[in-house]
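Open the model in your viewer and switch to a cartoon view. The tour below goes from one selection to the next, starting with strands and ending with a helix.

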Amino acid sequence: MEDTNGYAQTQGRRHKKLTDWSRQALLQTARWLPDRRIVAVADSSFSVIELLRSVSPHLDMVTRLRLDAGLYEPPPARHPGAKGRPRVKGARLPTLTERLADPTTPWRQVVIQCWYGKTQHRLDVATGTALWHHPGRRVPIRWVLMRDAEGGREPQAFLCTDLDGEPTEILGWFVRRWRVEVTLAEVRRHLGVENQRQWSDLAILRTTPALLGLFSLVTLWGDRIKGQHGVLPNRVCWYPKAEPTFSDALALVRRELWTSPAFATSPDHRESAKNIDGLLNRLIHVACNPP
């Protein structure tokens, strides 16, 4: 992993942690969109009490949660005339690992739509609210404990800073993040995002949005071509796949461009000795589906 702290020192700049950058970006987004509900979904790197506590008054955040996280009841109400410092937490609650092993844990079966590329998926969930506390830090959360009713995944836990959030809604938000991950992986693999070689910062800033827009254009165009002519995914013996991927959509669009009338063999060349359509189609297929 890159030593960002050492890099900042060599550049004479103050080191800023990833969570500091994310807090700044999220709060700025909430400031720009005061009339919109914002739900930020992130992985376990952003499951940090300080970050959640800073952004929770302005937006909702969903992240993973450790199964051994310290969860507590809210502090009890302070009685009039009580002496000493007020309590910051209540009684300790069972860990989520203990709830998994407890036969009395109330589970509810739900169906999540678009579960990691599938149409729907059955899950058992348990949920509740708690105060996530670490010495000197705390934030109220809704936790969601999930186990796979179909046996495909290990039990996982998630949190949401919206205490009234429904488990299906919270899990649905988190699953949507998978589509963003796939998009970023595809544009890196096929379109060269993060591999730009421009010397100008402005050129780099322009290139990435353009490539992301190209990804959307290829996806929509490929879907239209698929609806008109149909398409079979390009398979190899070591990588079977049932559904077309972005590489198939990219090959479709390339073929549509390269076989358009601007590049087609003119029908007026009647003196042509032999028909090269078969060879041309083969060459186009190889060019559209590089190894």
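This is a predicted model. Begin by selecting strand 3, residues 71–72, together with strand 5, residues 120–134: the two pair in the antiparallel sense over two bridges. Show Leu-71 and look across to strand 5, where Trp-132 stands opposite.

Keep strand 5 selected and add strand 4, residues 108–113. This pair is also antiparallel and has six bridges. To see one contact, pick Ile-112, whose bridge partner in strand 5 is His-121.

Next add strand 6, residues 137–148. It runs antiparallel to strand 5, and 12 bridges join the two. Val-125 and Met-146, the latter in strand 6, are bridge partners. Now move to the turn: strand 5 and strand 6 form a hairpin with two residues between them. Gly-136 lies in that turn and has a positive phi of about 90°.

Now select helix 5, residues 167–191. How far apart are its end C-alpha atoms? They are 36 Å apart, which agrees with the span expected for 25 residues at 1.5 Å a residue. Colour its buried residues, among them Pro-167, Trp-173, Phe-174, Arg-177, Glu-186 and Leu-191.

Stay in helix 5 and pick Leu-184. Is Leu-184 buried or partly exposed? Leu-184 is partly exposed, because its relative accessible area is 39%, and buried means under 20%. Add Leu-212, which is 28 residues from Leu-184 in sequence and 8.6 Å away in space, C-alpha to C-alpha.

Finish at Gly-192, just after helix 5, which takes a positive phi of about 80°.

Methods: Residues are numbered from 1 along each chain as its sequence is written. This is a predicted model: local features need pLDDT of at least 70, side-chain atom pairs count only at pLDDT 80 or more; totals for chains, interfaces and linings use all residues. Side-chain values use heavy atoms; hydrogens and water are left out. Helices (H or I, at least four residues) and strands (E, at least two) are DSSP runs, numbered from the N terminus. The expected span of a helix is 1.5 Å times one less than its number of residues. Buried means under 20% relative accessible area, exposed over 50%, partly exposed in between (1.4 Å probe, protein chains only). Two strands pair if DSSP finds at least two bridges between them.
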